[in-house]
Amino acid sequence: MGRYSDNYLNHLLECFIPDKTFRISPIDIGFINDTYLVESPTGPEYVLQRINPAVFSNAEALMANISLALQKLDNRDYQKITLVQSCDNKPYFKDGKGYWRLMTYIPDSITYSTTDKEQIAFEAGRIIGRFHHLLANAPLKEYVDTIPDFHNLPKRIHQFEDAITTTSANKLKSAQKALGFIESTYPLLEPLTREVLPMRICHNDTKLNNILFSKSTQTALCLIDLDTIMKGYFYYDFGDAARTIVNTAQEDEKNLEKITFEPHLFKALVAGIATNDPFLSQEEIKTLPLGTVFMPFIHGVRALTDYLNHNKYYKVSYENQNLDRCLILFDFTEKALDHLHFMQECINNKLA
Ligand code: GN1
Ligand code: MG
């Protein structure tokens with residue numbers, strides 16, 4: 001049953017949906033929150049989540065961001081997600097264990113952690129573009145930075161440098177290869193962080209398995225896992241999608257030979273974005289190839305920092321998992337770097 005008993009969770013659900021009993025089972029994906037599928041005898045109905053307080057110290061602002069965005073994320077070709085109001089008349093319930101929220105389950109839906117199909121890559125691009133299109137005029141000032149500097153690379157490098165000075169000699173030794181990669185790659189990416197670009201409301205975690213697809217038609221329905229909805233740059237969302245779509249291996253694939261950069265999937269992703277009415281500036285479009293290098297890199301830096309800090313941030317299932325994740329992410333970073341020219345051409349053809 002995961003970390004909470006069946007009884008506990010059913011009691012909690014009473015506050016959202018009184019007088020009904022559900023079957024509740026943990027969904028073990030994600031590195032941050034605790035997530036449960038809530039089923040009635042007729043099938044899945046809701047997704048219940050406990051927001052991780054160590055990562056999100058301001059759960060109320062986080063929920064306010066999500067509620068604001070959901071008002072706009074409702075369209076003919078964008079599936080609406082609804083937050084169930086609690087007995088406190090809020091889109092969440094707070095108890096001694098933290099903040100809980102309940103969302104409607106979208107029937108006939110499925111997620112993919114990886115794909116080799118162009119149609120899935122295309123659909124992912126289409127729905128990410130749709131998300132941005134729908135939020136293009138969002139009132140930026142009303143959104144709170146719930147994790148300040150989430151994708152601020154210079155700050156992440158500082159945190160990494162701090163971790164180096166406090167970690168153990170053993171950890172430092174085992175991370176030598178990754179350390180060298182950061183040293184040689186950061187200078188290539190640092191200029192991107194100084195570009196002047198329009199700020200947008202971003203999803204900030206657009207990996208493929210945060211996109212819901214229709215099981216029967218394979219069209220993309222909407223983005224899920226909305227915790228990191230905050231201000232940001234479009235290349236964050238583009239790069240994060242690319243790192244999980246263009247590579248056909250699983251996010252935790254340790255055989256680096258299986259990590260790929262598939263040009264045809266990249267093309268399909270870009271073509272999907274291009275089906276939306278133009279919403280990107282020329283400056284933003286130019287950042288997308290390097291953005292595809294940037295996102296796996298910053299995730300690798302974060303994973304390595306957490307490894308050096310003794311796994312305080314991400315949930316891990318074994319001691320070296322963060323180091324392994326870092327090496328996997330850096331391997332894709334390198335492969336993306338080798339495809340910079342290809343990406344530029346493709347983006348010029350399809351988006352510019
Ligand atoms: C974390 O828990 P999950 O998978 O939604 C992380 C993302 C990373 C992701 C790595 C708030 O998200 O930034 O991309 O792990 N979220 C947070 O797969 O740190
Ligand atoms: Mg997430």
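This passage describes the two largest pockets of a predicted model and the packing of two of its helices.

The largest pocket of the predicted model has a volume of about 900 Å³. Its lining comprises 43 residues, and those closest to the centre of the pocket are I29, Q49, N210, I224 and D225. Two or more lining residues are contributed by each of the strands β2 (34–40), β3 (43–51), β5 (98–104) and β6 (109–110), and also by the helix α9 (282–308). Among the contributing elements, β5 gives the most to this lining, with 3 residues. When the lining of the largest pocket is divided by residue class, 21 residues are nonpolar, 13 are polar and 9 are charged. Domain 1 (6–106) and domain 2 (118–350) are both represented, each of them providing at least three residues of the lining of this pocket.

The second largest pocket has a volume of about 710 Å³. It is lined by 35 residues, and I29, G30, F31, E251 and Q321 are the ones that lie nearest its centre; I29 is thus named for the centre of this pocket as it is for that of the largest pocket. The elements β2, α7 (234–245) and α10 (321–338) each supply at least two residues of the lining of the second largest pocket, and the largest share, 6 residues, comes from α10. β2 is accordingly listed among the contributors to the second largest pocket as well as among those to the largest pocket. By class, the lining of the second largest pocket consists of 13 nonpolar, 11 polar and 11 charged residues. Because domain 1 (6–106) and domain 2 (118–350) both give residues to this lining, the second largest pocket lies between the two domains.

The helix α9, which contributes to the lining of the largest pocket, also packs against helix α11 (residues 340–350), the axes of the two helices coming within 9 Å and crossing at roughly 145°. The crossing of α9 and α11 is right-handed. On the side of α9, the residues in contact are I285, L288, P289, L290, T292 and V293, and these meet L340, M343, Q344 and I347 of α11. The contact of α9 with α11 is made by 8 nonpolar and 2 polar residues, with no charged residues taking part, whereas charged residues are present in the lining of the largest pocket, where they number 9, and in that of the second largest pocket, where they number 11.

Methods: Residues are numbered from 1 along each chain as its sequence is written. Chains are lettered from A and ligands numbered from 1 in the order in which they are written. This is a predicted model: local features need pLDDT of at least 70, side-chain atom pairs count only at pLDDT 80 or more; totals for chains, interfaces and linings use all residues. Side-chain values use heavy atoms; hydrogens and water are left out. On a 1 Å grid over the protein atoms alone, a cavity is a set of points where a 1.4 Å probe fits but cannot get out, and a pocket is an open set with protein on both sides within 12 Å along at least five of seven lines; lining residues have an atom within 4 Å of a point. Grid points are joined across faces, edges and corners, and a volume is the space filled by probe spheres set on the points. Helices (H or I, at least four residues) and strands (E, at least two) are DSSP runs, numbered from the N terminus. Ala, Val, Leu, Ile, Met, Phe, Trp, Tyr, Cys and Pro count as nonpolar, Asp, Glu, Lys and Arg as charged, and the others, Gly among them, as polar. Domain bounds come from an automatic or database domain assignment. Axes are lines fitted to C-alpha atoms, for helices over the stretch in contact, and angles run from 0 to 180 degrees between N-to-C directions. A crossing is left-handed if the near helix is turned anticlockwise from the far one by less than a right angle, and right-handed if clockwise. Contact means heavy atoms within 4.5 Å.
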